[in-house]
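Me: I should like to learn how to read the features of a model such as this one. Please take me through them one at a time, with the general idea before the case.

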Amino acid sequence: MTLMTIPTPDEDSLYRRIADKAPGTDADTVREILAGHGITLNTPLPSRRELVVHRLYCEGTKTGTDDNDGTFAVDIPLGPGAWALTSTHNSAGKSSLLWALSYVLRGDGFGAFQRKDTIDWFTYIRADIEVSGVPASIRLTFDTPGKPTTRLLTAQTVEQLQALDPHAVDGDGVRTAATAPPGGAKDLIDRFMLERLGLRPISVWSAEKNAPKDADGHRDSAEQVHGWASYFYAVAMNNGNSNILLGPTTTGQLPVRLMQLFLDVPYTSELTYLTTARKQVDQNDRRTQRRAAEDTQARRQQTEPLRQALAAARERLAACEARRPDHAALLTDLQAAGHALVTAQEHHQDTAERHGTLRKMRLKDERDLRRARQSSAARLLLGALQPEACPRCDHTIDDTRRATEDTDHRCSLCTHPLAEVEVDPEAEAARLAALEERLKASTRAETTLDAGLRTAEVHLEHAREDYRCAADRLEQVRTHPHTTDAEQARRDVHHLQGALAVATGTAAELPAAVGHYLTDTPDPRQSEDEPDDTEDRVLAAAATVVGDIVAKHSRTLLPDLNTEILRIAKALAVDNLTDVNLSLGGQVNAQKSGKKIAFADISPTDRLKMRIATVVGMITVGRKHGIMSHPGLLLIDAPTAEELVPEATYQALKTLYETGGMPGVQVIITSIEPVIPDIFPPHRIHTGIPENPRMF
Amino acid sequence: MDEDSEGDRFSDAVRLLLLIAAVGEPLDEVALRHAPEGAVAVVRSEGRLQKLDFWLRNPDYLADELLNDYERVPEAISLELAGEILDSDEPEIACFPMLRYLFGAFEYIDRAMSVLVAPRLVRLTHGRTPAGKPLVSYYLTAKGRAVADQATANCPELAWFTRRAVLVRSLAESTGHTVHALRRRQYLQRDYAETPLNELIPSIAERARERLARLRATAATGSAA
């Protein structure tokens with residue numbers, strides 16, 4: 001199966017596949033969440049990346065040399081194919097020229113090419129290039145060392161640019177596409193190269209410098225975005241001591257990501273962003289949990305004085321309780337006295353009511369008897385008097401009418417017949433006697449109950465006294481210092497329990513009613529909504545789905561790449577290399593003489609050759625699958641510097657020259673090897689100043 | 001009253017006789033010239049007679065007025081007299097409750113008065129006040145005085161009326177003899193004033209007894225001081 005035959009799901013089906021792995025979501029939700037993280041899973045299109053340098057022009061002033069100070073200008077025509085910057089002497093300026101080229105292509109000098117004593121010499125660097133078919137001339141002017149101003153020119157053809165004088169910016173078909181102030185070269189060139197080469201940055205989750213590890217071994221990390229400057233490690237190589245196969249760091253499996261990127265493995269960049277997003281979310285969660293744990297710890301520390309005070313108050317309460325007099329018995333006595341008082345009050349009230357009733361009866365009898373006696377006396381006094389005058393007209397009643405009253409029993413005043421009412425003294429006496437007896441009886445009854453009422457009053461007074469005494473005894477105990485101390489200690493305990501409950505938000509030690517109130521009252525510290533893990537699940541599902549695609553494509557390509565690396569490395573005269581098995585984790589898994597050997601344990605020269613083999617392998621595998629995912633440019637500083645065997649040197653240089661002969665490939669090397677003219681045609685060798693070992 | 005209305009008529013009559021005998025103003029020479037034959041004293045105005053009769057019939061109000069007098073002029077005799085009434089059951093057994101009418105305590109006394117007028121114990125005259133209002137004057141005759149004295153002397157049950165009527169007279173003298181002065185004084189009694197028309201004026205015995213106790217306590221404190 002080849003890369004082209006591996007099916008890549010279209011955009012919609014990819015979103016659906018992710019949604020299927022994140023239950024409760026749909027494709028739109030997935031799309032929305034990923035877009036929130038700046039991730040769009042557009043269906044990848046075939047790329048055609050090509051970077052060719054047609055001209056390198058440098059100006060400057062040399063200082064600090066033994067005998068060569070002064071201005072210089074170097075104009076090197078270049079183009080597709082292999083090129084050698086060569087001199088038979090060291091420190092001739094080969095690497096400095098390669099550094100200058102790297103600066104203008106990268107926006108920043110490639111560190112491995114840098115020669116500290118020469119970098120300040122350069123005042124102007126120009127490279128005329130083609131980037132994926134677009135002609136461009138990049139001009140760097142170093143008014144301030146390390147902070148050049150940048151001008152980017154474009155034209156219809158690269159020849160129009162090449163025709164311009166070294167500093168000319170105007171010409172037929174030429175226009176200034178962009179400029180950048182001092183310090184802005186890297187951003188401008190990064191943006192230009194990524195855009196023209198159709199590359200997306202790679203996101204790497206990297207630990208922050210000096211960040212401490214938490215209990216689970218996690219360190220605070222931050223996203224590092226790798227752009228063209230990092231991708232340049234697949235362009236520029238030297239015989240350095242780096243232990244990394246490709247790229248500036250192994251963090252985030254950057255070497256393998258670069259390989260995947262330059263093998264056009266779909267969704268490579270997106271996968272790095274997904275991975276970073278997940279780690280970002282995880283870190284946020286960990287930070288949230290850590291903050292919560294720290295808050296809890298802080299609260300606990302804050303409340304520790306409360307806990308200690310509560311414990312002390314409890315001890316004090318226990319001591320006071322042990323000392324205080326037992327007033328349970330006194331309470332019982334008071335309760336009994338209270339019951340007795342109530343009973344006495346009820347009995348007294350009942351007796352008093354009955355006594356009141358009897359008194360009323362006696363008073364009525366006495367009133368009746370009194371009125372009867374008064375009435376009887378009045379009748380006797382007034383009834384016997386003879387009428388003398390008419391009460392109406394006051395005329396005197398004469399004797400005739402009085403006689404008529406006696407004889408005819410007619411009223412001497414109105415002459416009406418007198419009623420036959422005779423006062424019977426005996427009956428009257430009997431009536432009075434009856435009233436007297438009735439009064440005696442009611443008086444007797446009242447008198448009898450008088451004693452009962454007095455007894456009830458005495459009992460009631462005794463009950464009141466008993467109750468007062470019991471209350472006094474209890475009060476004495478309650479106001480006893482031991483008791484007041486205990487009550488104060490109990491209040492302290494209650495206050496501290498309440499304060500601790502409020503401070504900690506727990507109501508375990510409070511009465512249920514109070515505790516319910518406290519726990520029913522929302523605590524602002526705990527009122528945050530339950531975390532929604534939809535985002536986590538979508539990111540995880542997306543990482544899985546996209547990771548599967550990346551892994552599947554990578555596994556298809558890696559065997560071919562391993563084969564190519566092994567073949568090219570041998571062609572570059574790497575000693576005894578018997579196997580290479582790149583893993584998705586970024587391990588080289590090399591074997592020398594049939595034994596596994598760590599990449600770091602390989603000699604620097606062979607490591608460089610392995611890097612060259614890897615990049616060239618990527619190019620050849622890509623070409624084999626019909627893609628041009630690597631720009632095709634290789635800048636190699638002293639590829640055989642450490643080589644001791646002349647045959648091996650020759651083989652390596654010849655392989656590099658032949659590599660430059662591949663379509664769309666440009667190889668620029670520096671070398672002091674005398675065999676260069678035997679391998680490179682003269683027009684592909686730049687030797688600098690004629691009859692002078694210096695390059696400029 | 002309930003059992004023998006005839007007897008009550010005589011009872012009311014003898015009470016009025018003893019009241020008039022106690023509070024009646026003696027007649028001077030001028031008054032004698034305008035008085036009916038045989039008159040020795042007079043009570044002018046039925047309203048005044050009714051007001052004085054109210055105190056005679058309600059010992060609790062009489063005692064309360066004595067306490068009022070004591071508060072105005074703290075003479076021990078007032079407290080003693082009030083105590084004589086209130087310490088006993090007199091307010092309950094000697095009372096004859098009255099209705100409240102338009103101008104205060106009132107009861108028709110015509111029938112009872114006829115018992116006194118027919119044997120000429122009391123003689124009535126009908127005149128007019130200087131303001132032109134009808135004025136009834138109740139003249140006690142010498143015969144009436146003799147019967148009153150006889151009742152007081154020989155009938156202990158009736159002598160009580162005379163004793164209390166004397167107290168009533170002293171109250172009337174300190175209050176003023178006009179019917180308006182008496183009515184104003186009686187209206188100062190809260191229970192009296194608040195009694196609805198045509199209803200029995202209630203007893204104030206318990207309140208008067210509590211008041212007596214307070215005044216006695218105050219008097220004791222004052223004496224001790």
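Reply: Let us begin with a term: a salt bridge is a side-chain nitrogen of Lys or Arg within 4 Å of a carboxyl oxygen of Asp or Glu. Please keep in mind that this is a predicted model. In this structure, the side chains of B:Lys143 and A:Glu388 form such a pair, with N and O 2.4 Å apart. The bridge crosses between chains: B:Lys143 belongs to helix H8 (residues 142–154) of chain B, and A:Glu388 to the loop between H9 and helix H10 (399–408) of chain A.

Me: Are the two partners, B:Lys143 and A:Glu388, buried or exposed?

Reply: A relative accessible area under 20% is called buried and one over 50% exposed, with partly exposed in between. B:Lys143 has 28% relative accessibility and is therefore partly exposed. A:Glu388, with a relative accessible area of 27%, is likewise partly exposed.

Me: How many salt bridges are there between chain A and chain B?

Reply: The count between chain A and chain B is three. One of the pairs at this interface is A:Arg362 with B:Asp89, whose side chains meet at 2.4 Å, N to O. Helix H9 (residues 328–383) of chain A gives the most to the side of chain A that touches chain B, namely 16 residues. That side of chain A divides into 11 nonpolar, six polar and 11 charged residues. Polar contacts supplement this picture: nine residue pairs make them across the interface, with both residues at pLDDT 80 or more.

Me: How is the size of an interface expressed, and what is the area buried between chain A and chain B?

Reply: The size of an interface is often given as the accessible area lost when the parts come together. Between chain A and chain B, the buried area is about 2,700 Å², and carbon and sulfur atoms give 58% of it. In terms of residues, 28 of chain A are in contact with 36 of chain B.

Me: Which salt bridges lie within a single chain, and how far apart in sequence are the partners?

Reply: The separation in sequence shows what a bridge joins, and two cases illustrate this. In chain A, the side chains of A:Arg468 and A:Asp472 meet at 3.1 Å, N to O. These residues are separated by about one helical turn, because they are four residues apart in helix H11 (residues 425–478) of chain A. A:Arg468 is partly exposed at 42%, and A:Asp472 is partly exposed at 34%.

In chain B, the side chains of B:Glu84 and B:Arg164 form a salt bridge at 3.4 Å, N to O. This pair links distant parts of the chain, with B:Glu84 in helix H5 (residues 76–86) and B:Arg164 in helix H9 (residues 156–175), 80 residues apart. B:Glu84 is partly exposed at 45% relative accessibility, whereas B:Arg164 is buried at 5%.

Me: Which residues are joined into one network by salt bridges that share partners?

Reply: A residue may take part in more than one pairing, and the pairings are then read together. Here, A:Arg359, A:Arg362, A:Glu366, A:Glu446 and B:Asp89 are joined into one network. Over all chains, the count of salt bridges comes to 42.

Me: Where is A:His630 found, and what does its side chain reach?

Reply: For a single residue, one may read location, accessibility and neighbours in turn. A:His630 is found in the loop between helix H15 (604–624) and strand S14 (633–637) of chain A. A:His630 has a relative accessible area of 1%, so it counts as buried. Its side chain reaches the backbone oxygen of A:Ala234 at 2.7 Å. A polar atom of the A:His630 side chain also lies 2.9 Å from the backbone nitrogen of A:Gly632. Beyond four places in sequence, A:His630 touches several residues, including A:Arg49, A:Phe262 and A:Met618.

Me: What does B:Val136 touch?

Reply: The same order of reading serves again. B:Val136 lies in strand S6 (residues 134–141) of chain B and is buried, at 17% relative accessibility. Its contacts beyond four places in sequence include B:Val43, B:Glu46 and B:His126. B:Val136 and B:Glu46 are 90 residues apart in sequence, yet their C-alpha atoms are 6.0 Å apart in space.

Note on methods:
Residues are numbered from 1 along each chain as its sequence is written. Chains are lettered from A and ligands numbered from 1 in the order in which they are written. This is a predicted model: local features need pLDDT of at least 70, side-chain atom pairs count only at pLDDT 80 or more; totals for chains, interfaces and linings use all residues. Side-chain values use heavy atoms; hydrogens and water are left out. Contact means heavy atoms within 4.5 Å. Buried area is the accessible area (1.4 Å probe) that two parts lose on being put together, summed over both. A polar contact is a pair of N or O atoms within 3.5 Å; within protein, one must be able to donate a hydrogen and the other to accept it, and residues adjacent in sequence count only if both atoms are side-chain atoms. Helices (H or I, at least four residues) and strands (E, at least two) are DSSP runs, numbered from the N terminus. Ala, Val, Leu, Ile, Met, Phe, Trp, Tyr, Cys and Pro count as nonpolar, Asp, Glu, Lys and Arg as charged, and the others, Gly among them, as polar. Buried means under 20% relative accessible area, exposed over 50%, partly exposed in between (1.4 Å probe, protein chains only).
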